[in-house]
Amino acid sequence: MNAAQDWEDVSLFTPYLNDQALMYDFANCLAVQTFLRMTSLPFSVRQRPNVEFISPNAVIPLLKINKTLITGFDAIVDFVNKKGVILTTHLSETQIADMRANISLMHHLLKTVEMYILWKHDETYAKVTKPRVGSVYHWPLSSIIPFMRRRAALTKLADKEWDTKTMDEVGEQADKVFRALSAQLGTQKFLTGDLPTEADALLFGHMYTLITVRLPLTNITNILKKYPNLIDFTKRVEQLYFKQ
Amino acid sequence: MELHIWPADFGLPTIDVASLQFLACSKMCASPVRVVHSSRPWRSPNGEFPMVSQTDGDAKPVTDFEKFVDILKKCGQDVVIDADLTSIERAQLDAFSSYLHHNLYPAVLHTFWVDELNYNTVTQYWYASQLHFPYNSYYLEKRKKKALRILAGKTGTEVIRDAFMALNTLSTKLGDNKFFCGNKPTSLDALVFGYLAPLNRVPMPSDRLQVQLSAYPNLCRFVESVSSIYCPVTSDELKQTESIRQVILSRVSKAKIDQEAIRVATATADAIPDEPPIRDAILFGIGAVALSLMFAIHTGLIQITVEEEIAE
């Protein structure tokens, strides 16, 4: 990565957020947008149907600066940090350790919960996942590609030993994540106090997705409703960064 | 309750990460679990150790760490694990266990199962000597494939870099404390112990992660203290595996010497550009000419007429 480049002509490539992106992709795209708005760096969002093929390692979203391509939330945050724009200067080392742990909680546990619902739950797959993934292809690709992605996703879940979990156990895992994040947030403005960090961007991305998503299954949204401070946080961040 | 785990070795009650985590956790709350050292993992529902079989009749054996912790909490001992934590500490504990599972565990898997040199020298030999042929080949292949899938196409360098970061984070978090959440052990301590102890104790020929770990004195001290307080190994257990340990140690030192020899050999080989041997060139020439001739004869470019001598 060439961190010495100037920050100009920056665009963020995302899938069609309203019709194509799946929950976790949507969350990550939104998190990167939020993070860049927190740093007040200028950028433009471009929605393309084939971002996963534009991206060199199939990771979404994709940030393009002149001729450099950076993919994924972590790498983009790293890159911006290397340019000297750091949101965590006010934190102690222990707080940074906690923040990394929180990011990992969302990146892995919450994403696995979302994956389980999207790919493992039959009704959700038929009504949400398959149409969304297939929306940008013509027949017969519109059925083949969701099928192949589903097979890959189910193998991933099996490796994590999530294939034998019931929906209730998945709900418990989601509850664990929300409880942890809610306890960390408490009554503060952001996770680590009055100033935003990348963990807040990621939290906003996931929470906004879970609150606004339309699924045949409402158990995760119902669990989230038990933690009003997370919902207030989401509304506050939306007001701060997404209302002109 | 019975806890089935892999046999003891290298001064640890077992060298398997998950087995160590289960054992440490059960010892921390002084639960009356009977520890069974076994090398018959096919008895477990998912074909893996550790497994906790429960006494009350038809309850299913447990192989999941969180469920095991729940059982330990409910079994009515004096010491209840994770009982005195505030909600924020509990939140951090959950966050850290996820962080370690995704940033440190892949590197441990890589060190033991994916790194060819380590796998051939230590892991393969150890498990193969514990299990019977032909089951051991099947089992080893299964574990190795699973480890590769968990790494999900990341290269060794990326995985190790994540782990260096994770070790740094852990060391900061531990600071000068005895345990991660103050003076009392928690399930997080059991998890960390499980990840770090095999790295700390088992000798390996390719040891980048181990060298990095030894650079954090507080983490090494943590492993030593947990190991001596909660997971002491009796000399009987050590004697049982004495012969295997000796063989592995000699294999490790041999592998290190071999590796050094290969490095020296490749360094000198690169220096002298090897010329193609003249014998190969001649053989190739003969072969080429023969083929061309055969082709020419076949297509009729060269015609051979055989004049038969009439014997008279």
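In chain A, strand β1 (residues 10-14) runs antiparallel to strand β3 (residues 62-65), and four bridges hold the pairing together in the DSSP sense. Leu12(A) is a good place to look, since this residue stands opposite Leu63(A) in β3(A). Before we go further, please keep in mind that this is a predicted model.

From β3(A) we can step across to strand β4 (residues 68-71) of chain A, which pairs with β3(A) in the antiparallel sense, again over four bridges. Here Lys64(A) stands opposite Leu69(A) in β4(A). The hairpin formed by β3(A) and β4(A) has two residues between the strands, and Asn66(A) takes a positive phi near 50 degrees there. As a reminder, strands of a sheet pair through backbone hydrogen bonds, either parallel or antiparallel.

Two backbone details in the loops of chain A deserve a stop. The peptide bond from Ile60(A) to Pro61(A) is cis, and its omega is near -5 degrees. Pro61(A) belongs to the loop between α2 (51-54) and β3 of chain A, so following the chain onward from this proline brings you to the strand where we began. The other detail is Ser40(A), which is not a glycine and yet has a positive phi of about 50 degrees. You will find Ser40(A) in the loop between α1 and β2 (44-47) of chain A.

Now let us zoom out to the whole of chain A. The chain is divided into domain 1 (10-82) and domain 2 (93-242). Taken over C-alpha atoms, the centres of domain 1 of chain A and domain 2 of chain A are separated by 17 Å. Where the domains meet, 17 residues of domain 1 of chain A are in contact with 20 residues of domain 2 of chain A. On the side of domain 1 that touches domain 2, the elements giving two or more residues are α1 (23-38) and α3 (73-82) of chain A. The largest share of that side, 11 residues, comes from α1(A). By residue type, this side of domain 1 of chain A divides into 12 nonpolar, three polar and two charged residues.

Next, look at a pair of helices in chain A. The axes of helix α4 (residues 93-120) and helix α5 (residues 122-134) of chain A come within 6 Å and cross at roughly 100 degrees. That crossing angle makes α4(A) roughly perpendicular to α5(A). In their contact, Ile117(A), Leu118(A) and Trp119(A) of α4(A) meet Thr124(A), Tyr125(A), Val128(A) and Thr129(A) of α5(A). The residues of this contact divide into five nonpolar, two polar and no charged.

Let us turn to chain B, whose secondary structure comes to 13 helices and three strands. What radius of gyration does chain B have, set against a compact globule of 312 residues? Chain B has 29 Å, whereas such a globule would have one near 20 Å. Taken along the principal axes, the C-alpha atoms of chain B fill a box of roughly 115 × 50 × 40 Å.

The strands of chain B form an open sheet of three, in the order β2-β1-β3, with mixed pairing. Because β2 (34-37) and β3 (51-53) of chain B stand at the edges with a single partner strand each, one side of each is left without a neighbour in the sheet. On average, neighbouring strands of this sheet are turned by 25 degrees against each other, direction ignored. Strand β1 (residues 2-5) of chain B runs antiparallel to β3(B), and three bridges join them. Within this pair, Leu3(B) stands opposite Val52(B) in β3(B). Helix α1 (residues 17-28) of chain B packs on the sheet, where it touches β1 and β2 of chain B, and its direction makes about 150 degrees with that of β1(B).

Chain B has a cis peptide bond too: the one from Phe133(B) to Pro134(B), with omega near 0 degrees. Pro134(B) is placed in the loop between α5 (116-130) and α6 of chain B.

Finally, let us see how the chains meet. The contact takes 17 residues from chain B and 17 residues from chain A. On the side of chain B that touches chain A, α3 (87-103), α6 (135-151) and α7 (156-174) of chain B each supply at least two residues. The largest share of this side, 11 residues, comes from α3(B). The residues of the side of chain B that touches chain A divide into six nonpolar, seven polar and four charged.

Key: Residues are numbered from 1 along each chain as its sequence is written. Chains are lettered from A and ligands numbered from 1 in the order in which they are written. This is a predicted model: local features need pLDDT of at least 70, side-chain atom pairs count only at pLDDT 80 or more; totals for chains, interfaces and linings use all residues. Domain bounds come from an automatic or database domain assignment. Two residues are in contact if their C-beta atoms, placed from the backbone, lie within 7 Å. Ala, Val, Leu, Ile, Met, Phe, Trp, Tyr, Cys and Pro count as nonpolar, Asp, Glu, Lys and Arg as charged, and the others, Gly among them, as polar. Axes are lines fitted to C-alpha atoms, for helices over the stretch in contact, and angles run from 0 to 180 degrees between N-to-C directions. Angles under 35 degrees count as roughly parallel, over 145 as roughly antiparallel, 65 to 115 as roughly perpendicular and the rest as oblique. Two strands pair if DSSP finds at least two bridges between them. The radius of gyration is taken over C-alpha atoms; the globule rule is 2.2 Å times the number of residues to the power 0.38.
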